[in-house]
Amino acid sequence: MAGHRIEIRGTVQGVGFRPWVYRLARRMGVVGRVRNDPRGVTIEAFGSQAILGLFVKELQGDALHAAQIVELRETTIPDEELDAFLIESSAASGHRALSIPPDLATCEDCTREVLDRHDRRFGYAFTNCTACGPRFTIATGIPYDRAATTMSGFAMCAACQAEYDDVGDRRFHAQPNACPECGPALSLDRLDGQAPSKVNPLAGAAELLSRGAVVAVKGLGGFHLACDARDGAAVRRLRERKHRDEKPFAVMVASLDAAQALAKISADEEALLRAAERPVVLLRGRQDAGLPVEVSPETKLFGLFLPYTPLHHLLLDAVKRPLVMTSANVSDEPICYENDEARQRLEGIADAILLHDREIAMRCDDSVGRVIAGVPTIMRRSRGFVPKPFYLARPVARPVLACGAHLKNTFCIAMGDTAYFGPHIGDLETVAAFDFLEEAVERLQTILEVRPDVIAHDLHPGYLSTRYAKTRDDVTLVGVQHHHAHVASLMAEHGIQGPVLGVAYDGTGFGEDETSWGGEFLHCSLERYERMATFRPIRLAGGDLAMREVWRIGYALLHDAYDGAPPIDSLSLLGEVSSKSIELVKNMIERELNAPQARGVGRYFDGFGALALGRARSTYEGQVAIAWDQIANESVSDSYPFEIDRARIPWEVDLRPAVRAAVHDLGAAVPAGDVSARFHNAVVEATAELVEALWADQGDLPVALTGGVFQNAWLAAGIEKQIINKNRVLRHSEVPPNDGGIALGQALIADAVLGDKG
Ligand code: ZN
Ligand code: ZN
Ligand code: FE
């Protein structure tokens, strides 16, 4: 007999890992114990060397999909005389585990059951087990057990109770355990004035969908609007009713094979699609996918995801076609999640609602991921991730709440050696979004049993997230510069304290000088930063209006590059715009009237994109920048000229020579794809040149590439390649590079700035 202590790090709490280990040990005749510890799970196992070897092999296998083992460490311990294998309670081991785990996609066992005619859960949309199912979205309080979930009103039948009580069962202590006898039930409401359907709700919804209807479907964290993804007229109807012009819709497909028929999928992308968090994954659509243009009117990039609830599996099984699944909301308001609210708000949008009587306690939008230049990157960290712990390399000295920024708002609470992101709140532009932020903060505080009295916020005084911070009494407020926070988020992701050379490229962020920054080279630690270089500012005539009327940015670039006398007649872009409007914008720029300066690299992408694509307007944030990235001709390796003005402090990247060269190319009818490639290459080369220059000055610091612009794969890959010392380039993966990831950096900076004080 031998004894081994096996310490496992990774996602092993709240996923049914301990009961699974218990069943495995029993089956293999291993004795000992398993318990949660602050960072994962510890197993003490006793048996013959050969059996223990097999046991560890099984632990490392893929049998429990929702678990992700990052590290497994084995040490030998003295043999103990035991006759059983036990699960030690968390209390006994003195460790308080995070009370509520995140929601998990339906596991393979449960999927098999709901599709198996002979199983008692055949066709049952609320099937779950300890390895899968709702958690965060049904929890109403702590500790996490059935009484504190929206399942409290459903009494388990004898069969379910027996599963729940049996430590050898897959449903041992599965809090939302249910079956058709005792659990929640589906119903189908018609909103189009037609008679309610008599058939089973799922079959009824499937029938409506196959006839081109828009059906709202209640999911884990909110309602989706669904329609047949192959039916162009249905998708167009959905766009019109939802007031969504051109932004791509996400599509749900039944299987990986079905996904492959619609998009090109690499091994990394497949892993992301199959992850237990089941994010929507942005992929390049296939030419022969057979999807109508309405799904994604003007970019090949669109979201795909696999079903993550039994309801999704059953619905797809019934309709046998891919479904558009988009958050049920109007424009950018928070996603609908209550039955009555959905009936009211979705009237005129959905023809019917497939709903049920298990309430959603906390709304939680879908997460979004994308493989960017070889790195799987979470771009929206929400359903499936909330409230998963994010471990910090260095603990914070006190709990901190960080309120995030403005667009794609997500907040974060850091305490001890762990940070917790809240759900995706969305763009903080409406009262509804503000209320959601307030409610979600309260809730995460409750779950974590903490009420931080340090609150970090963006420096922008007008952001609703800043105003929210200021509504809280008796707290210490710490304003954090936007790009410093971006860099700190990335440092946290890599577990380093700095200093680093941060390269933060995004659309906008409030600077210390009260202007808009966004092309920043920052010498950074958590406590402080120094601004080493930036981009030459662009005047945004009309302020925020210029983000939609991107021709204004294009014009501003021309105006600057040609000293006020640009050759506008030679450019197709400005043909779309009246000469009166151009004159007006010219005046605003020259007189500096409502034409604030902005240094965001994202604005350069908007402006160059507008000029080269001849597109005057953008209907959603970043639309032109994305289209501009997608068309770049990969075989073009030369670039446009640029200058770096080292007489200024900070240094300034000057792209006026690039503007003039692009205008020359466009006049000579050079394809937009070549112009795009040369522009991208110019930004890559300018970045690399600055990094080398700053390295010469400051030493070879790690280079931290962060900010929403780094969702642009060409740029990320190009810069990585140009910077010879590649292992010194840090990129995002778990934490979004865009403003959805900024709260983590805010929290750590606030803690570092306060040091031992307060
Ligand atoms: Zn399951
Ligand atoms: Zn039951
Ligand atoms: Fe930003």
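Along the chain of this predicted model, the donors of the zinc ion (ligand 2) follow the spacing C-x2-C-x18-C-x2-C. The protein donors in question are Cys157, Cys160, Cys179 and Cys182, each through its SG atom, and they lie 2.2 to 2.3 Å from the zinc ion (ligand 2). One pair within this set links distant parts of the chain, since cysteine 160 sits in helix α4 (residues 158-165) whereas cysteine 182 belongs to the loop between α4 and β6 (186-190), 22 residues apart. Both cysteine 160 and cysteine 182 are buried. As for the geometry, the four donor atoms of the zinc ion (ligand 2) form angles of 105 to 117 degrees, and the site is tetrahedral. For reference, the ideal angle for four tetrahedral donors at a metal is 109.5 degrees.

Turning to the zinc ion (ligand 1), its donors follow the spacing C-x2-C-x18-C-x2-C along the chain. Here the SG atoms of Cys107, Cys110, Cys129 and Cys132 serve as the protein donors, lying 2.3 Å from the zinc ion (ligand 1). The angles that these four donor atoms subtend around the zinc ion (ligand 1) run from 103 to 118 degrees, and the arrangement is therefore tetrahedral. Of the donors, cysteine 129 and cysteine 132 are both buried.

Further along the chain, a pair of helices comes into view. Two packed helices are described by the angle between their axes and the distance between the axes. For helix α13 (residues 482-493) and helix α22 (residues 742-754), the axes come within 7 Å and cross at roughly 95 degrees. Because angles of 65 to 115 degrees count as roughly perpendicular, α13 and α22 are roughly perpendicular to each other. On the α13 side, the contact is made by His482, His484, Ala485, His486, Ala488, Ser489 and Ala492, which meet Ile742, Leu744, Gly745, Gln746, Leu748 and Ile749 in α22. The residues of this contact between α13 and α22 comprise seven nonpolar, six polar and no charged.

The last element to consider is helix α18 (residues 623-631), which is largely enclosed by the rest of the structure because seven of its nine residues are buried. These buried residues of α18 are Gln623, Val624, Ala625, Ala627, Trp628, Asp629 and Gln630. What do the buried residues of α18 pack against? Their partners include the strands β11 (280-285), β12 (301-305) and β15 (368-372), and the buried residues of α18 also pack against the helices α17 (601-613), α20 (672-698) and α21 (713-722).

Key:
Residues are numbered from 1 along each chain as its sequence is written. Chains are lettered from A and ligands numbered from 1 in the order in which they are written. This is a predicted model: local features need pLDDT of at least 70, side-chain atom pairs count only at pLDDT 80 or more; totals for chains, interfaces and linings use all residues. Side-chain values use heavy atoms; hydrogens and water are left out. Axes are lines fitted to C-alpha atoms, for helices over the stretch in contact, and angles run from 0 to 180 degrees between N-to-C directions. Helices (H or I, at least four residues) and strands (E, at least two) are DSSP runs, numbered from the N terminus. Angles under 35 degrees count as roughly parallel, over 145 as roughly antiparallel, 65 to 115 as roughly perpendicular and the rest as oblique. Contact means heavy atoms within 4.5 Å. Ala, Val, Leu, Ile, Met, Phe, Trp, Tyr, Cys and Pro count as nonpolar, Asp, Glu, Lys and Arg as charged, and the others, Gly among them, as polar. Donors are N, O and S atoms within 2.8 Å of the metal (3.2 Å for Na, K and Ca); water is not among the atoms, so sites may look incomplete. Four donors count as tetrahedral if all angles lie between 85 and 135 degrees; four count as square planar and six as octahedral if opposite donors are over 155 degrees apart and all others between 65 and 115; anything else is irregular. Buried means under 20% relative accessible area, exposed over 50%, partly exposed in between (1.4 Å probe, protein chains only).
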